[in-house]
Amino acid sequence: MQDLEQDIKQLIIEALDLEDLSPEDIDSAAPLFGDGLGLDSIDALELGMSLQKRYGIKLSANSEETRKHFASVQALAALVASHQATA
């Protein structure tokens, strides 16, 4: 799961052009939105598209479940891992 979290951190940095951050700067348990990494709804769309391209995951934009998956890097890693297990 550590490798998957690192991969997702790198995906976040690349997808959102966060060139001043490295994967080590992102806390896996910290919120991605608000007080954590400080992402916004536009960032969520970009990240969602990148997740779909890399992992084949389709997410509903207005779903409460999607909000839970986007809570942190750990939550995204769990989503990707469960998707890969069923694929």
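This passage walks through a helix, an aromatic pair and a pocket in a predicted model. Local features need pLDDT of at least 70 and side-chain atom pairs count only at pLDDT 80 or more, while totals for chains, interfaces and linings use all residues. Residues are numbered from 1 along each chain as its sequence is written, and side-chain values use heavy atoms, with hydrogens and water left out.

Helix α1 takes in residues 2-15; helices here are DSSP runs of H or I, at least four residues, numbered from the N terminus. Its 14 residues should span 20 Å at 1.5 Å a residue, and the end C-alpha atoms are indeed 20 Å apart; the expected span is 1.5 Å times one less than the number of residues. The buried residues of α1 (under 20% relative accessible area, 1.4 Å probe, protein chains only) include Leu4, Ile8 and Ile12. They pack against α2 (41-55) and α4 (73-86). Just after α1 comes Asp17, with a positive phi of about 55°.

There is one aromatic pair in the structure. Phe33 and Phe70 sit 6.4 Å apart, centre to centre, with 45° between the planes, so the pair is tilted (ring centres within 6.5 Å; planes under 30 degrees apart count as stacked, over 60 as edge-to-face and the rest as tilted). Phe33 lies in the loop between α1 and α2 and Phe70 in the loop between α3 (64-69) and α4, 37 residues apart. Phe70 is buried, at 6% relative accessible area.

As for the lining of the largest pocket, α2 gives the largest share, six residues.

Technical notes
Helices (H or I, at least four residues) and strands (E, at least two) are DSSP runs, numbered from the N terminus. Buried means under 20% relative accessible area, exposed over 50%, partly exposed in between (1.4 Å probe, protein chains only). Contact means heavy atoms within 4.5 Å. Rings of Phe, Tyr and Trp (its six-membered ring) pair if their centres lie within 6.5 Å; planes under 30 degrees apart count as stacked, over 60 as edge-to-face and the rest as tilted.
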